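Colleague: I have a model on screen and want to go through it with you. Keep the answers short, and give me the cut-offs as we go.

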Amino acid sequence: MSTTSTARHAGGPGRDTDPDGHDARGGRLDRIVRSPLGWMLTGLVGVGLVSGLTATGPGPVPVLGAAAAVAVYWLVMRRVARRSTPETARRGAGREALLGGATGLGFVLVSASLITAFGGYSFSWAGHGFMAVVWSAVMVQAGTAVTEELLFRGLALQALEQLWGSRAAIVVTGLFFGIAHLGTPGASAWSALAIASEAGVMLGAAFLWRRSIWFVAGLHFAWNTTEQLLGIPVSGHPSEGLFTVDAHGSAALTGGGFGLEAALVPVVIGVLLAVRMSVLARRGGRLLPRRSARHTQAG
């Protein structure tokens, strides 16, 4: 038996061990998993699986699924990424959610009002049961808002931010947010670009400004819920709301079958909000430049 093989048999360092005798393969795997891309992918699988199983469930199932998704997110961040999660802190969560909700509500109401003033929308009372409609909208949209924000802003944006800096992370996650909506009814290249601009980029800027999942989830929730209750299609999905809406004029004004999110008015408003939030994030020192991101990753 050779000297090398004898050393391996005796437990000495070999090809798959480091100088201290530890398993180098496990060390490499550990570093990969704990890298930004590693914990991002781990979290995307975990939160995505919970969302897929609960998003369309009856009654409070989507909300329970959102709570489970938060727990999975916390576990991935603490155990895999080995970082704290101030973005999901309970302290101040209600305030952040209400502030985000007010922002989302105002965004949709102003956009819908302007489109109506330009002759694009007319509304009539649908006559559905008030409580049943509101309950269904709140349950579904709360689950959607929380899980999507955990996926896109909590995981993807923060991981890419560590690699490339805040500005690049906003752009990339915004584009992916738009692409993710290409599979919805009535989607087109324009609707994907509109979603990327007014929602993906704006929500990314909102997260960097507040550094709170609750703020962006509140914004997202109020946005979708208000659209649904007004009877406007939500990202192409028909809404059974408190009202029915009739669209008049060009798709550029009304968004066509995709809904308000593919109209020009909310795109302009969303971009303006994104710019303002980015400025506030920069002034607050909450943007991570690319050089700092590389240094953070190297450390």
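**Salt bridges, packing and loops**

Colleague: Is Arg-34 buried, exposed or partly exposed?

Modeller: Buried means under 20% relative accessible area and exposed means over 50%, with partly exposed in between (1.4 Å probe, protein chains only). Arg-34 has 25% relative accessibility, so Arg-34 counts as partly exposed.

Colleague: What pLDDT do local features need here?

Modeller: Residues are numbered from 1 along each chain as its sequence is written, and side-chain values use heavy atoms, with hydrogens and water left out. This is a predicted model: totals for chains, interfaces and linings use all residues, side-chain atom pairs count only at pLDDT 80 or more, and local features need pLDDT of at least 70.

Colleague: How many helices and strands does the chain have?

Modeller: Both are DSSP runs numbered from the N terminus: helices are H or I with at least four residues, strands are E with at least two. Read from the N terminus, the order is α-α-α-α-α-β-α-α-α-α-β-α-α-α. The count comes to twelve helices and two strands.

Colleague: Among contacts between residues at least 6 apart in sequence, what percentage join residues at least 24 apart?

Modeller: A contact means heavy atoms within 4.5 Å. Of the 299 residues in the chain, 44% are buried. For the contacts you ask about, the share joining residues at least 24 apart is 74%.

Colleague: Which residue forms a salt bridge with Asp-30?

Modeller: A salt bridge puts a side-chain nitrogen of Lys or Arg within 4 Å of a carboxyl oxygen of Asp or Glu. The structure holds five. Asp-30 is partly exposed at 33%, and its partner sits four residues away in helix H2 (residues 24-34), so about one helical turn separates the two. The N to O distance is 2.9 Å, and the partner is Arg-34.

Colleague: How far apart are the closest N and O atoms of Glu-149 and Arg-153?

Modeller: These two lie four residues apart in helix H6, so they are about one helical turn from each other. Both are buried. They form a salt bridge, and the closest N and O atoms are separated by 2.7 Å.

Colleague: Which residue pairs with Arg-83 in a salt bridge?

Modeller: Arg-83 is partly exposed at 21% relative accessibility. Its partner is buried, at 2%. The closest N and O atoms are 3.0 Å apart, and the partner is Glu-87.

Colleague: What is the nearest side chain of opposite charge to Glu-227, and how far away is it?

Modeller: Glu-227 lies in helix H9 (residues 213-230). Beyond four places in sequence, Glu-227 touches Val-108, Ile-232, Pro-233, Val-234, Ser-239, Leu-260 and Glu-261. Lys and Arg count as positive, Asp and Glu as negative, and His and the chain ends are not counted. Glu-227 is buried yet has no salt bridge; the side chain in question is Arg-153, at 13 Å.

Colleague: At what angle do H4 and H6 pack?

Modeller: Axes are lines fitted to C-alpha atoms, for helices over the stretch in contact, and angles run from 0 to 180 degrees between N-to-C directions. For H4 (residues 61-80) and H6 (residues 130-164), the axes are 7 Å apart and the angle is about 15°.

Colleague: Why is H4 described as roughly parallel or roughly antiparallel to H6?

Modeller: Under 35 degrees counts as roughly parallel, over 145 as roughly antiparallel, 65 to 115 as roughly perpendicular, and the rest as oblique. The residues that meet include Ala-66 and Tyr-73 in H4 with Gly-143 and Leu-150 in H6. The angle is about 15°. That makes H4, relative to H6, roughly parallel.

Colleague: Where is His-128, and how far in space is its C-alpha from that of Leu-242?

Modeller: His-128 is partly exposed at 34%, and its contacts beyond four places in sequence are Val-133, Glu-240 and Gly-241. His-128 sits in the loop between strand S1 (121-125) and H6. Leu-242 is 114 residues away in sequence, yet the C-alpha to C-alpha distance is 6.4 Å.

Colleague: What phi does Ser-235 have?

Modeller: Ser-235 is in the loop between H9 and strand S2 (243-247). Ser-235 counts as buried at 8%. Ser-235 is not a glycine, but its phi is positive, at about 50°.
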